[in-house]
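Student: Could we take a close look at one part of this model together? I would like to start at the surface and then move inward.

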Amino acid sequence: MQRKIYLKKLDVSDALEKYKAELQQRGFFFDESEIIQTRKSARRVLAEAVYAKRNVPAYNSAAMDGIAVRSVDTAGASKVRPKILQKNQFEFINTGNPMKIPFDSVIMIENVHVIDEDHVQIFESIPPFHNVRLIGEDVCEQDMIFTRYHRLRPYDVALLLAAGVFEVKVLKKMKAIVIPTGGEVVQPEDEIDVGAIPETNSVMIKAYLEELDVDVNVNDVVPDSLDLISETILKAVESYDLIFLNAGSSAGSFDYSYHALEQLGKVVVHGLNVRPGKPTILGIIRNKPVICLPGYPGSCYVILENIVKPLINEKYRIITEKNLFLEASSLRRVVSSISEDEFIRVSLAKIKDRYVFVPLKRGAASMDALSKMSGTVVVQKGVELLDEGDKVTVELDKPLEEIDKNILFVGSHDPLISIIADLLKQKDFSLNMSIVNAGSMGAIAAVAKNCAHIGGIHLFDPVSGEYNVPYLKRYLPKYILMKFVKRNQGLIVQKGNPKKIENLFDLTRKDIRFVNRQRAAGTRILLDYHLSKLGIDPSQITGYEDEEFTHINLALKIKKGMADVGLGIAFAAKIMDLDFIPLIWEDYDLLVLEEFFNDDRFQIIMDLILSKNFCNSDLIYQGYDLSSVGKIIRGENCDQISSNNNQ
């Protein structure tokens, strides 16, 4: 048979893009999914977003060994004036034990003087829920735990199980077959006569592919026969997603791979501008990739790394991992123990020409931080403080390419931001949005310091009666604000409203326990304004100092009877199946870093927000008004910015 000599070789990157484009056109990269047990889902890629079905932790528990007490019973205690608690005022408790009613706080055992079994002496006054792991502290019921295309790691699986998710929909695992060819090839365990070659490549290929989460079978060696090779390929195409021929891809007189592919399907690439690895064939038969790998092990490995791995990662929506370190600045002040090293999980993003990181939850029990981290900062023993803006070395847990594309959102909490993050993944799996709930004022501060791409704000100005713009004029004269949604804020109460709560005046009732949002949150500012307007002193409200960082966690506290009422959004009440007493519509808008406004990633976000996928009638029934979404408001000195976005 005539030799087939490759006359036009391609660069590896060009060959890969050409091959991927051909496979894309034939539907190879279309999502195929299956449902599997969560216990068996490690390393698998989610095909859809996953929501928590129960709270983690599932009940209030002690975070320390010590005594469980009622916080009100500790009032006035100090080192100068210690207080003695009687038997019915405390209970010895170990770490992880559930908190019993009426106890709501824990004093560490080392801060307690045990007089006898019925009497203890305490030296501090503590607030409610001190040293207590609160229900839903790690993950709250109905929280989106992961977006689609998230690859599950061991601690992710543990988090899912803890959150009551026992089955997940994942991308279907690919099946591959390796077909060794050649009359001179023998098994490595056989006697190696002169002219024989031990067939070891299939072992390397199989192990390599299995590391990429592909199921692999190895065919018996096929002799150098066009008919036999063609017959084996056709049979393999019926049962496998990926077909690999080893050897026979060069231009020798017994190299039949090219002719087999040419007759059975299409040869997309034959020959690469790379050494080793030049004699490579990239073909397609019945819309499935058939790759002829070079026979030399070194050449074969080069193609596995540079062609096969990117192809499989594209199918699985995975970005290749790299072990790197980089210098990044802290978004927040970090206080650490001076007596030991501390490993802090962080989320990283590139903003302008520098990297910034946000410390994630630092509790030893937090699985959420492990799942969301993109790197680790080690605070060395003897270092007590990392100040805001300090630059430190971060060990990466994700590829630098992914971190470079990461979008950092800082600001007031709203569940819609998580939905946008999921839609963003659906649009482009290489993009990710890290969400930091830091309140509206935190959003302004982060954007002003070039430490966030986008901020979420809903700040009411009592003087003008307007939202957001007066604050931006005061603190950030040069700004770009995108109108987002109007939200229905009101009182979230238990199902059926058993306490018959009607308005803010009811918050001062002695039988009502309130749960608040954190300082600097727009909801907290809104509450304080209306309390002042009504002449209500916050000190009259039981639970005013009890703070939560998200509307969902606030609603959860109410659902679990840890509070009777809180100010929050209608969507949170709906998610938790609670009653809602509407009070006011507010503007929740997106503050955009000036340099990010014309970034392609922001244009994608704009397109998603304005799409029918997002702007649907469901949001209206969940307490949102989208009538102004997409409108752009610019502060002074920003008029020169050009954009195709809605004005």
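Is Ile109 buried, exposed or partly exposed, and at what relative accessibility?

Tutor: Happy to! First, this is a predicted model, in which local features need pLDDT of at least 70 and side-chain atom pairs count only at pLDDT 80 or more, while totals for chains, interfaces and linings use all residues. Residues are numbered from 1 along each chain as its sequence is written, and side-chain values use heavy atoms, leaving out hydrogens and water.

Ile109 counts as partly exposed because its relative accessibility is 32%; buried means under 20% relative accessible area, exposed over 50%, and partly exposed in between (1.4 Å probe, protein chains only). Ile109 sits in the loop between strand 7 (105-108) and strand 8 (112-116), where strands are DSSP runs of E with at least two residues, numbered from the N terminus. Together with Phe92 and Val114, Ile109 forms a nonpolar surface patch with about 230 Å² of accessible area. Such a patch takes residues with over 30% relative accessible area and no salt bridge (a side-chain nitrogen of Lys or Arg within 4 Å of a carboxyl oxygen of Asp or Glu), and its nonpolar side chains are joined within 5 Å. The areas come from the Shrake-Rupley method with a 1.4 Å probe, and for residues only the protein chains shown count as cover.

Now for the interior. The largest nonpolar core has 71 residues, and Met433 is among those with the most contacts inside it. A core is a set of buried Ala, Val, Leu, Ile, Met, Phe, Trp, Tyr and Cys residues joined through side-chain atoms within 4.5 Å. A second, separate core of 42 residues includes Tyr19 and Leu272.

Technical notes
Patch = residues over 30% accessible without salt bridge, like charges linked within 9 Å, V, L, I, M, F, W, Y side chains within 5 Å. Helix = DSSP H or I, 4+ residues; strand = E, 2+ residues; numbered from the N terminus.
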